[in-house]
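Here's a quick briefing to keep open beside the viewer. Have a look at the chain below, then read on for the parts worth finding.

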Amino acid sequence: MSATDANGLAATQPASGGIGIANLPNQLHKIVTKKGTNFSIMVVGESGTGKTTFINTLLTTEIIEPLEDAARRKKQLDKTVDINIHKAELEEKMFNVKLNVVDTPGFGDFVNNIDCWLPVVDFIENQYEQYLRQEQQPVRKGIVDMRVHACLYFIRPNGHTLKPLDVRAMKAIGARVNLIPVIAKADTLSPSALRAFKKRVMDVIDAQSIRIYQPPVDSEDEGTSLRNKEILSAMPFAIIGSTQEVKTPDGRHVKGRQYPWGVAEVENDQHCDFKKLRSLLIRTHMLDLISTTEEVHYDKYRTTQMKTRKFGEPKPRKADNKKFREEEEMLRKRFTEKVKLEENRFRQWEQKLIAERDRLNKDLEQEHNLVKQLESEIEAISSVNSPNGKFFRK
């Protein structure tokens, strides 16, 4: 390798040593290994689609405690969408990942699901807002990063297509975060029905212009490119979740579900896309999910806010709080009904008063007439008894 000194003379460096630029990846590797990373996954979908089981299967440990049926039914009576954050720290080969799993119990569980995705959207934007406010502080050491890097939207395997709720929710969420559609409980559909269902779901996603995460395909390594194409072609991912080990007919012990006709294996590519989804989230595209969140979604939010706000100015509150719109409508309706009830009671009371007034006026008039009659009789008697009024006989 050759370099040029200050006098313009060429200086020759040993060809074998170099100046050490090629050692930069090793330095970065040491820094990243020491620092670790934050990774946040959000799971969205109706109750009973296997979100909790999938997370526990993905991480091979119980991150989220499954709800009992009684607690699940009680939660459905609340008619609210909650945001629950579960934190864990994973370590593998001296590399630490601070994992945040965001669960959304109550999503899509009611008869009226209007705007039930707004708490999810608000949470995503609030994390961007908190990170933006921390960036604007004079001291930025120890920034807490809770930005959502991947949102898994669980689709119920109804065998038809996406519901209107799914379309509107995926549109709103996909515009703000890396959205990954997932078909839950794939073992409830036959292979042919599953392929047809996947195609219909993707047709609706394309027709409705729903933005989903598109992993990079091209790579210098041909094997990596083929693997990325295979992962991309599997979207939406059809998964099976199970934390229990079962015995296959050939004697193997695998995670899966036991049926009379056989075993549905979790980590079998012929049965479901669990391994492909796990590879996308953790093994091959975690860094791309993090960088896409930083460079695309967060940068879009930051640019929009900086155009409409002054530096350090808090985010203006929405005049119309859509999250509580339904409750406000119910309270307004109850208030209106109570006002109408009170008005009816007042009208009835007023009518009673008018009737009582009329009765008293009538009685008063009768008494007045009686007084007049008595006065006339008195006058008549007085005229008879007076001297001028006597009749003299002859």
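A word on terms before the tour: two strands count as paired if DSSP finds at least two bridges between them. Keep in mind that this is a predicted model. The chain has 394 residues, and 35% of them count as buried. Its secondary structure adds up to ten helices and eleven strands.

**The chain overall**

- The accessible surface is about 26,100 Å², and carbon and sulfur atoms account for 53% of that.
- Take the contacts between residues at least 6 apart in sequence: 67% of those link residues at least 24 apart.

**The hairpin**

- Strands β10 (residues 253-259) and β11 (residues 262-265) run antiparallel and are joined by four bridges.
- Together β10 and β11 make a hairpin, with two residues between the strands.
- To find the pairing by eye, look for Gly256, which sits opposite Glu265 in β11.

**The six-stranded sheet**

- Six strands make up an open sheet with mixed pairing, and the order across it is β4-β5-β3-β6-β7-β8.
- The edge positions go to β4 (84-92) and β8 (237-238); each has a single partner strand, so one side of each has no neighbour in the sheet.
- At the β8 edge, strand β7 (residues 179-183) runs parallel to β8, and two bridges join them.
- Within that pair, Val182 is the residue opposite Phe237 in β8.

**Helices across the sheet**

- Helix α4 (residues 118-135) lies across β3 (37-44), β4 and β5 (95-103), and its direction is at about 170° to β3.
- Helix α6 (residues 191-207) lies across β6 (150-155), β7 and β8, running at about 150° to β7.

**Three glutamines to click on**

- Is Gln127, a residue of helix α4, buried or exposed? Gln127 is buried, because its relative accessible area is 8% and the cut-off for buried is under 20%.
- Beyond its neighbours within four places in sequence, Gln127 is in contact with Met146 and Arg147.
- Gln134 is also found in helix α4. Setting aside neighbours within four places in sequence, Gln134 is in contact with Arg140, Gly142, Ile143 and Val144.
- One of those partners, Val144, is ten residues from Gln134 along the chain, and their C-alpha atoms are separated by 8.1 Å.
- Gln305 belongs to helix α9 (residues 286-308). With a relative accessible area of 11%, Gln305 is buried.
- Which residues does Gln305 contact, leaving aside its neighbours within four places in sequence? They are Leu132 and Lys315.

**A nonpolar patch on the surface**

- Leu24, Leu28 and Ile31 make a nonpolar surface patch of about 280 Å².
- Leu24 lies in helix α1 (residues 24-35).
- Leu24 has a relative accessible area of 44%, so it rates as partly exposed, the class between buried (under 20%) and exposed (over 50%).

Conventions: Residues are numbered from 1 along each chain as its sequence is written. This is a predicted model: local features need pLDDT of at least 70, side-chain atom pairs count only at pLDDT 80 or more; totals for chains, interfaces and linings use all residues. Side-chain values use heavy atoms; hydrogens and water are left out. Contact means heavy atoms within 4.5 Å. Axes are lines fitted to C-alpha atoms, for helices over the stretch in contact, and angles run from 0 to 180 degrees between N-to-C directions. Patches are made of residues with over 30% relative accessible area and no salt bridge: like charges are joined within 9 Å, nonpolar side chains (Val, Leu, Ile, Met, Phe, Trp, Tyr) within 5 Å. Accessible areas come from the Shrake-Rupley method with a 1.4 Å probe; for residues, only the protein chains shown count as cover. A salt bridge is a side-chain nitrogen of Lys or Arg within 4 Å of a carboxyl oxygen of Asp or Glu. Buried means under 20% relative accessible area, exposed over 50%, partly exposed in between (1.4 Å probe, protein chains only).
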